[in-house]
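Got your viewer ready? Let's take a short walk past some charged side chains.

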Amino acid sequence: MFNETKSHEITVDVVILTIKNDTLRVLLVKRTNEPFKGRWAIPGGFIRLSENLDEAALRVLKEKTNVDNIYLEQLYTFGDPLRRTDARVITCAYFALIREEDVDVFDSADVEWHKVYELPPLAFDHKEIIEYSLKRTRERLEMCPVAYQLLNQKFTLTEMQKSYELIMNKSLDKRNFRKKALTTPGLRELDEYSKSKSKRPARLYTFESISLDSKRAHFIKKKN
């Protein structure tokens with residue numbers, strides 16, 4: 001009778017999304033070790049003995065963006081035996097939506113923002129993980145306005161529509177979008193306008209709150 005014994009390692013990988021230069025981008029790190037040395041990968045790492053999954057994901061997020069109080073959701077567990085050739089590694093993937101103004105990525109040639117729809121060759125199954133995170137984010141748009149996590153604190157409806165279009169990867173009808181957007185729970189109209197010299201100033205909005213079925217999402221915030 002064949003008896004197979006394998007050791008298992010547990011990691012966390014965090015898909016970090018932002019809107020930068022009017023494109024949806026994902027933060028990637030270049031691997032310095034084999035396997036896949038020189039390829040780009042999702043930020044991640046092994047879970048420390050003293051950490052739970054959420055704490056490990058927050059640590060990775062903090063190390064790469066200097067942000068630790070943000071929308072962070074547990075995505076999925078990837079455990080295909082063939083996902084790595086050097087070891088049996090199971091990863092718990094998370095995804096984070098971050099405003100560009102909140103990001104402080106540590107300067108390094110090995111850490112860069114890449115266009116999410118023009119990815120370079122990636123290590124392991126990280127392309128699949130990124131695609132799954134996009135699918136989940138699109139599903140969230142049907143439930144609540146998670147796209148506001150990618151917007152500045154104050155924004156125009158045009159900017160809000162642009163964020164939806166980048167996530168959905170398609171154009172949306174302006175009139176229909178605005179009609180639906182104005183009924184969004186938590187959206188508050190401000191008595192302020194955008195400072196634009198090239199066109200008519202647009203009304204600014206902000207989000208006061210966000211609600212989501214706790215059974216389908218997991219929010220992590222820094223503990224005081």
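Before we start selecting, one cut-off to keep in mind: a residue is called buried under 20% relative accessible area, exposed over 50%, and partly exposed in between. Also, what you have open is a predicted model.

**Stop one: helix 1**

Select residues 53-65, which make up helix 1. Now show the side chains of Arg-59 and Glu-63: they meet in a salt bridge, with an N to O distance of 3.5 Å. Why are these two about one helical turn apart? Because they sit four residues apart in helix 1. Colour by accessibility and you'll find Arg-59 buried at 15%, while Glu-63 is partly exposed at 37%.

**Stop two: helix 2**

Next, jump to residues 126-143, helix 2. Pick Lys-135 and Glu-139, whose side chains form a salt bridge at 2.8 Å, N to O. Here too the partners are four residues apart, so about one helical turn separates them. Is Glu-139 buried or partly exposed? Its relative accessibility is 30%, so Glu-139 counts as partly exposed. Lys-135, at 45%, is partly exposed as well.

**Stop three: another partner for Glu-139**

Keep Glu-139 selected and add Arg-136: these two form a salt bridge, their closest N and O atoms being 4.0 Å apart. Arg-136 and Glu-139 are three residues apart in helix 2, again about one helical turn. Arg-136 itself is buried, at 13% relative accessible area. Now add Glu-73 and Arg-140 to Lys-135, Arg-136 and Glu-139, and you have one network joined by salt bridges that share partners.

**Last stop: the whole view**

Zoom out: a search of the whole structure finds 13 salt bridges.

Methods
Residues numbered from 1 in each chain as written. Predicted model: local features only at pLDDT ≥ 70, side-chain atom pairs only at ≥ 80, totals over all residues. Heavy atoms only, no water. Buried < 20%, exposed > 50% of the residue type's maximum accessible area, 1.4 Å probe, protein only.
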